[in-house]
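Thanks for making the time this morning. I would like to walk you through one structure, so please keep the view in front of you as I talk.

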Amino acid sequence: MNPLLRRLGGYPLARFQDLKLQLAADGTPLHDFSVGDPVEPTPAFIRRALVEGLDPVSQYPTAAGLADLRGAIADWVARRFGVAVDPATQVVPTAGSKEAIFHIPLALVDPAGPKRAAIWGDPGYPVYGRGQQFAGGVSDPVRLTPASGWRLELGDLDPARLDAAAIAWVNHPHNPTGATADLDYYRRALAAARAAGVVLGSDECYVDVHPEGAAPPPSLLQAADGDLTGVLVAFSLSKRSGMTGYRSGALVGDPELIAAQKVLRPNIGTASPDFVQRAAIAAWGDEAHVADRRRVFDAKRAIVREFLDAAGLEVSGSDATFYVWFAAPGGDDAAYAEALLAQRIVASPGRAFGPGGQGWLRLALVPSVEGCKEAVARWGDAISSGALPGSP
Ligand SMILES: Cc1ncc(COP(=O)(O)O)c(C=O)c1O
């Protein structure tokens, strides 16, 4: 057995899922805000495109993906960010962004070389560090703080840390805090990464999940000003289009890095089936359904934010994504998550996203609007009765 598996233990959120299943076993409904997998249906036109894309003959998909899909992704990048990318050399479709992020280091890391680390922000998505370790590299999480807006400032790091890194990951809008970043942030990050010969990875799977009416979050692609050297951006249809189960996303960036992925990826076998790729072409080509989704999350966010504010619970970040990040009353996120569980409300303790998340909890706006109302009513009652801390 790979000793790394034993050392890392299971996937952090898996344990929490088990606990939830035990609770749900008695049949009483749970108010589940724990997993970032919303339940709004995938738009009908996308499901139709999947069905219509189903060929009578089933054949292996290619790692380079359908040319039409690469074109649809490049068109979306041009429309959304005003950046021209070449679908032949700067785009590769992926089976969602998770596997892409996990596999990137297999093409990037020389396990015997001096630059083996992946730098990433803690709290954060654990896959940046885990993929690096499975590829023979090392994980180098950097503590994020509310004072720095939950943003990783690469230029503030000890230069030795950047010298030892193959890649640095930034992720805005950010999971778990919902913090956003502006173009200047990306420019600073790119300058620091380039100066140290580090690839800058930007996980932008939530870039289209922002309050409707707020300025759409920018992309690292815009900050690169036409020169994508050392840049690799991960996009996804999971959050934007409600397609978590389809497994479809894209890597966009430096032609040399994309070419390396195209050499690596046929070894793996993670290419999305062609019918999924045809559904993805439909999804990247439409914005109306994304705006509809944003309005649903806005309604849920308003209910939850209003409740947290009224209860005197401190909210931080939470500018975009479908997450709300709040401070645990008393400072112990695990204890507060457990107390919430006793009310059949499931929130993720911040420590599930790394030690930097301790003292905070993440609510994923997954229950329906009605479900959110019921949950906060129950939560408020528990505060009023003294079962939970807060000031009703
Ligand atoms: C920050 C972040 N990156 C990547 C992913 C992976 O998403 P997917 O593989 O569905 O594109 C997630 C999923 O929750 C995430 O939160």
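I will begin with how the values were obtained, then turn to the ligand, the salt bridges, a surface patch and one pair of leucines.

This is a predicted model, in which local features need pLDDT of at least 70 and side-chain atom pairs count only at pLDDT 80 or more, while totals for chains, interfaces and linings use all residues. Residues are numbered from 1 along each chain as its sequence is written, and side-chain values use heavy atoms, with hydrogens and water left out.

Let me start with the ligand. It is surrounded by 14 residues, the closest being N175, D203, S236, S238 and R247, where a residue is taken as near a molecule if one of its heavy atoms lies within 4 Å of it. By the classes used here, this shell divides into four nonpolar, six polar and four charged residues; Ala, Val, Leu, Ile, Met, Phe, Trp, Tyr, Cys and Pro count as nonpolar, Asp, Glu, Lys and Arg as charged, and the others, Gly among them, as polar. Two helices, α5 (97-108) and α10 (238-241), each supply at least two residues of the shell, helices here being DSSP runs of H or I with at least four residues, and strands runs of E with at least two, numbered from the N terminus.

Which side chains place a polar atom beside an oxygen atom of the ligand? For S236 the distance is 2.6 Å, for N175 an N or O atom of the side chain lies 2.7 Å from a ligand oxygen, and for K239 the distance is likewise 2.7 Å. The protein covers 91% of the 400 Å² of accessible area that the ligand has on its own, with areas coming from the Shrake-Rupley method and a 1.4 Å probe.

Next, the salt bridges, each defined as a side-chain nitrogen of Lys or Arg within 4 Å of a carboxyl oxygen of Asp or Glu; by this rule the count comes to 20. R240 pairs with D208, the closest N and O atoms being 2.9 Å apart. This pair links distant parts of the chain, since R240 sits in helix α10 and D208 in the loop between β6 (199-203) and α9 (220-223), 32 residues apart. R240 also meets E287 in a salt bridge, at 3.2 Å from N to O, and here the partners are 47 residues apart, E287 lying in the loop between α12 (274-284) and α13 (288-310).

How accessible are these partners? R240 is buried, with a relative accessible area of 2%, and D208 is buried as well, whereas E287 is partly exposed at 30%; buried means under 20% relative accessible area, exposed over 50%, and partly exposed in between, with protein chains only as cover.

A further salt bridge joins D298 and R301, with the closest N and O atoms 2.7 Å apart. These two are separated by about one helical turn, because they are three residues apart in helix α13. Salt bridges that share partners join R79, R80, D208, R240 and E287 into one network.

On the surface, M1, L5 and F134 make a nonpolar patch of about 310 Å², patches being made of residues with over 30% relative accessible area and no salt bridge, with like charges joined within 9 Å and nonpolar side chains (Val, Leu, Ile, Met, Phe, Trp, Tyr) within 5 Å. L5 belongs to helix α1 (residues 3-8) and, at 40% relative accessibility, counts as partly exposed.

Finally, L388 is found in the segment after α15 (369-384) and is buried, at 2% relative accessible area. L388 and L154 are 234 residues apart in sequence and 39 Å apart in space, C-alpha to C-alpha.

Notes:
A polar contact is a pair of N or O atoms within 3.5 Å; within protein, one must be able to donate a hydrogen and the other to accept it, and residues adjacent in sequence count only if both atoms are side-chain atoms. Buried means under 20% relative accessible area, exposed over 50%, partly exposed in between (1.4 Å probe, protein chains only).
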